[in-house]
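Here are my comments on the structure, set out as numbered points. Please read them with the coordinates open.

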Amino acid sequence: MSTFAIGDIQGCFTSLIKLLEHINFQQDKDELWIAGDLVNRGPQSLEVLRYIKSLKNRVKVVLGNHDLHLLAVAKGCQSSKKFDTFSDVLEAPDKDELLAWLLTKPMLHYDEKLDCAMVHAGIYPGWDLQHAKDYAEEAETMLTAEPKMFFQNMYGNKPAAWSDDLSRWDRIRFITNTLTRMRYCQKTPNPVLDFANKNKPNTEDRYLTPWLYHDCFKIRQTHIVFGHWSTFGESKMKNITALDTGCLWGGSLTALNIETKQIFAVTCK
Ligand SMILES: [Mn+2]
């Protein structure tokens, strides 16, 4: 049995199938981890959702910003944007089952045996693993209990730094932003999120750093896999693997064998 973690698929169903053939994925034995952004921008969001859902307990999924955006549009809490390509999902006869399934997915998945955590974007530098798990659960509980309220309050870049006394929705928005959207933080002792810079590391302003290189970053043993940052390249941290290799932009779709640390990739059109 192998556990494979795969980065942002974003509706690229053909590349996903090509990658699963390449790693010889065995549905009855292996487990797949999907690091969020299953949908949007690419051509076949509907096929990706149907396929991943069909894997049942052989798959672990965390939510990405595009998955949350699709759910927010479906709930009528946000309008579709110019470059959104998930109308196939919104018009599908099985839309309700697919979106109900997606809504119950977590923002952080942790496997104790593998000592490996998966998030879409990252873990806030000031948080240890236990706090990250607790905060993720807090946001997930709000998402499933009050989805409309959640989506009405989800959008926005503020607050930009963590504090224990944030009011309820500021707190939920911050947790969701770090787990599903974060790239850079200011190097300040209390890390401040910066959403303006999306370029690859080493091109950022001097006062910024990728979240995983911040001095406050606490998680040094647990393996962390993340997606979201297609230009990130290879991580300098031995315990952290960046999985989004820009499939959507003509790069590749990557799978990591979590047990052996072997990386597999297929090029995308
Ligand atoms: Mn993303």
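1. Leu55 lies in the loop that links helix 2 (45-54) to strand 3 (59-61), and in this predicted model it is classed as partly exposed because it has 16 C-beta neighbours inside 10 Å, where 20 or more would be needed for a residue to be called buried. Setting aside residues up to four places away in sequence, Leu55 touches Gln27 and Leu32. Cys77, by contrast, is 22 residues from Leu55 in sequence, and the two C-alpha atoms are 29 Å apart in space.

2. Helix 2, which ends just before that loop, packs against helix 5 (residues 95-103) at an angle of about 65°, the axes being 10 Å apart, and the crossing of the two helices is left-handed. On the side of helix 2 the contact is made by Leu49, Arg50 and Lys53, which meet Leu98, Trp101 and Leu102 of helix 5. Sorted by class, this contact between helix 2 and helix 5 holds four nonpolar and two charged residues, with no polar ones.

3. Turning to the sheet, four strands in the order 4-5-9-10 form an open arrangement with mixed pairing. Its edges are strand 4 (108-111) and strand 10 (240-242), each of which pairs on one side only, and neighbouring strands are turned against each other by 15° on average, with direction ignored.

4. Which sense of pairing, parallel or antiparallel, does strand 5 adopt with strand 4, and which with strand 9? With strand 4, strand 5 (residues 116-119) pairs in the antiparallel sense over four bridges, and His109 stands opposite Met118. With strand 9 (residues 223-226), strand 5 pairs in the parallel sense, also over four bridges, and here Ala117 stands opposite Ile224. Strand 4 and strand 5 form a hairpin with four residues between them, and in its turn Asp115 has a positive phi of about 45°.

5. Both faces of strand 5 are covered, with Cys116 and Met118 buried on one side and Ala117 and Val119 buried on the other. In a regular strand the side chains alternate between the two faces of the sheet.

6. Val119 also deserves a comment in connection with the core: the largest nonpolar core has 77 residues, and Val119 is among those that touch the most other members, together with Ala5, Ile6 and Ala35. Leaving aside neighbours within four places in sequence, Val119 is in contact with Val62, Met107, Leu108, Leu179 and Phe226. In soluble globular proteins, nonpolar side chains tend to be buried together.

Note on methods
Residues are numbered from 1 along each chain as its sequence is written. This is a predicted model: local features need pLDDT of at least 70, side-chain atom pairs count only at pLDDT 80 or more; totals for chains, interfaces and linings use all residues. A residue is buried if 20 or more other C-beta atoms lie within 10 Å of its own, exposed if 12 or fewer, and partly exposed in between; C-beta atoms are placed from the backbone. Two residues are in contact if their C-beta atoms, placed from the backbone, lie within 7 Å. A nonpolar core is a set of buried Ala, Val, Leu, Ile, Met, Phe, Trp, Tyr and Cys residues joined through C-beta atoms within 7 Å. Axes are lines fitted to C-alpha atoms, for helices over the stretch in contact, and angles run from 0 to 180 degrees between N-to-C directions. A crossing is left-handed if the near helix is turned anticlockwise from the far one by less than a right angle, and right-handed if clockwise. Ala, Val, Leu, Ile, Met, Phe, Trp, Tyr, Cys and Pro count as nonpolar, Asp, Glu, Lys and Arg as charged, and the others, Gly among them, as polar. Two strands pair if DSSP finds at least two bridges between them.
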